[in-house]
Amino acid sequence: MSFASLEGRTALVTGASKGIGRAIAQELACAGATVVVGYRSGKDEAEALASEIGGRAIQADVSVAEQAKQLVEEAGDVDILVNNAGVTRDGLLARMSDDDWRAVIDTNLSSVFYTCRAVTRGMMKRRAGAIVNVSSIVGVHGNWGQTNYGASKAGIIGFTKSLARELGSRNVRANVVAPGYVKTQLTDVLPEEATSAMLGNTPLGRLGEPGDVAGAVRFLCSDEASFITGGVLLVDGGLGM
Ligand code: NAP
């Protein structure tokens with residue numbers, strides 16, 4: 001067996017049609033897991049990815065409780081849940097609309113509550129399971145213009161630590177990965193000056209690649225991490241230390 005093998009496990013990854021989620025789905029499949037590719041609007045990309053990695057694509061808007069529950073049910077007996085779906089609606093607090101607040105909290109945080117609630121019963125019964133929730137360095141340190149996003153990502157950390165305490169006795173683990181700045185469509189929109197400033201503060205001197213986050217997720221899902229729960233693993237090139 002290879003290091004961090006996930007042979008024989010079923011993994012559900014939300015927001016897996018592109019970016020970091022896509023890389024996580026590929027990495028977990030590479031580790032031997034059967035992967036369910038959750039997507040909202042990227043049908044063609046999700047289906048192409050599912051056929052590439054021998055998995056299944058299932059559509060669901062995870063910000064809607066009923067759809068998130070349905071996604072977990074259709075995925076079957078899930079051994080690994082990775083909550084990766086996320087959005088930004090940046091803006092200064094004074095001008096932030098209720099819609100921008102709710103869209104980010106519902107998509108990034110409430111979705112984690114919905115899917116975890118749906119998946120834990122089966123995991124507890126089987127006395128095995130690994131959950132990884134994708135937060136952000138912004139949830140740890142905050143960021144200008146991201147009160148909604150920062151609240152959602154900090155919320156994920158408090159949620160996951162609490163869940164880890166609830167589920168530990170059933171051998172179900174829950175951890176967080178908190179990426180720094182990773183090259184995806186989410187960060188493509190950042191102005192040049194913001195990217196340069198970040199690079200200047202990053203000891204490793206580069207932006208992250210989706211695969212950097214995927215490797216950390218694979219590790220946390222595997223038996224090599226069997227004594228790790230309630231952890232927050234920064235994958236940020238040293239930016240947040
Ligand atoms: P991305 O390329 O924009 O991908 C976001 C994914 O989330 C897409 O697959 C999208 O699905 C899905 N999604 C959005 N809303 C959804 C909903 N309501 N229901 C289901 N799926 C939904 O972003 P990314 O950079 O890969 O980000 C992935 C995660 O990493 C996010 O949680 C983000 O906050 C976090 N993160 C990213 C960075 C970074 O620098 N990129 C840093 C820290 C944390 P569709 O396209 O199918 O609609």
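At 37% relative accessibility, Phe113 counts as partly exposed, a class that lies between buried, under 20% relative accessible area, and exposed, over 50%, as judged with a 1.4 Å probe and protein chains only. Tyr114, by contrast, is buried, with a relative accessible area of 17%. The model is a predicted one, in which local features need pLDDT of at least 70 and side-chain atom pairs count only at pLDDT 80 or more, whereas totals for chains, interfaces and linings use all residues. Residues are numbered from 1 along each chain as its sequence is written, and side-chain values use heavy atoms, with hydrogens and water left out.

Aromatic pairing was assessed for the rings of Phe, Tyr and Trp (the six-membered ring of the latter), which pair if their centres lie within 6.5 Å; planes under 30 degrees apart count as stacked, over 60 as edge-to-face and the rest as tilted. By this rule the count comes to two aromatic pairs. In one of them, the ring centres of Phe3 and Phe219 are 6.5 Å apart and the ring planes meet at 10°, so this pair is classed as stacked. Because Phe3 belongs to the segment before strand 1 (10-13) and Phe219 to helix 9 (residues 210-221), the pair ties together parts that are 216 residues apart in sequence. Phe3 counts as exposed at 56% relative accessibility, while Phe219, at 26%, counts as partly exposed. The rings of Phe113 and Tyr114 have centres 5.6 Å apart and planes at 50°, and the pair is therefore tilted.

The secondary structure of the protein chain comprises nine helices and seven strands, where helices (H or I, at least four residues) and strands (E, at least two) are DSSP runs numbered from the N terminus. For a chain of 241 residues, a compact globule would have a radius of gyration near 18 Å, and the 17 Å of the protein chain agrees with this; the radius is taken over C-alpha atoms, and the globule rule is 2.2 Å times the number of residues to the power 0.38. Along the principal axes, the C-alpha atoms fill a box of roughly 45 × 40 × 40 Å, and 50% of the 241 residues count as buried.

The surroundings of the ligand were examined next. A residue is near a molecule or strand if one of its heavy atoms lies within 4 Å of it. Of the 30 residues around the ligand, those that come nearest are Ser41, Asn84, Tyr149, Val182 and Thr184. The shell divides into twelve nonpolar, 14 polar and four charged residues, with Ala, Val, Leu, Ile, Met, Phe, Trp, Tyr, Cys and Pro counted as nonpolar, Asp, Glu, Lys and Arg as charged, and the others, Gly among them, as polar. At least two residues of this shell are supplied by each of helix 1 (19-30), helix 6 (147-167) and helix 7 (185-188).

Polar contacts, defined as pairs of N or O atoms within 3.5 Å (within protein, one must be able to donate a hydrogen and the other to accept it, and residues adjacent in sequence count only if both atoms are side-chain atoms), involve both backbone and side-chain atoms here. A polar backbone atom of Gly15 is 3.1 Å from an oxygen atom of the ligand, and a backbone N or O atom of Asn84 lies 2.7 Å from an oxygen atom of the ligand. In the side chain of Lys153, an N or O atom is 2.8 Å from an oxygen atom of the ligand. Taken alone, the ligand exposes 890 Å², of which the protein buries 96%; these accessible areas come from the Shrake-Rupley method with a 1.4 Å probe, and for residues only the protein chains shown count as cover.

Positive phi values occur at Arg127, with about 55°, and at Asn171, with about 65°, although neither residue is a glycine. Arg127 is located in the loop between helix 4 (98-126) and strand 5 (129-134), and Asn171 in the loop between helix 6 and strand 6 (172-179). Each counts as partly exposed at 47% relative accessibility.

Several spatial approaches link residues that are separated along the chain. Leu71, found in helix 3 (residues 65-75), is buried, with a relative accessible area of 2%, and its C-alpha atom is 7.7 Å from that of Gly38, 33 residues apart along the chain. Thr229, in the loop between helix 9 and strand 7 (232-235), has its C-alpha atom 9.0 Å from that of Ala130, the two residues being 99 apart along the chain.
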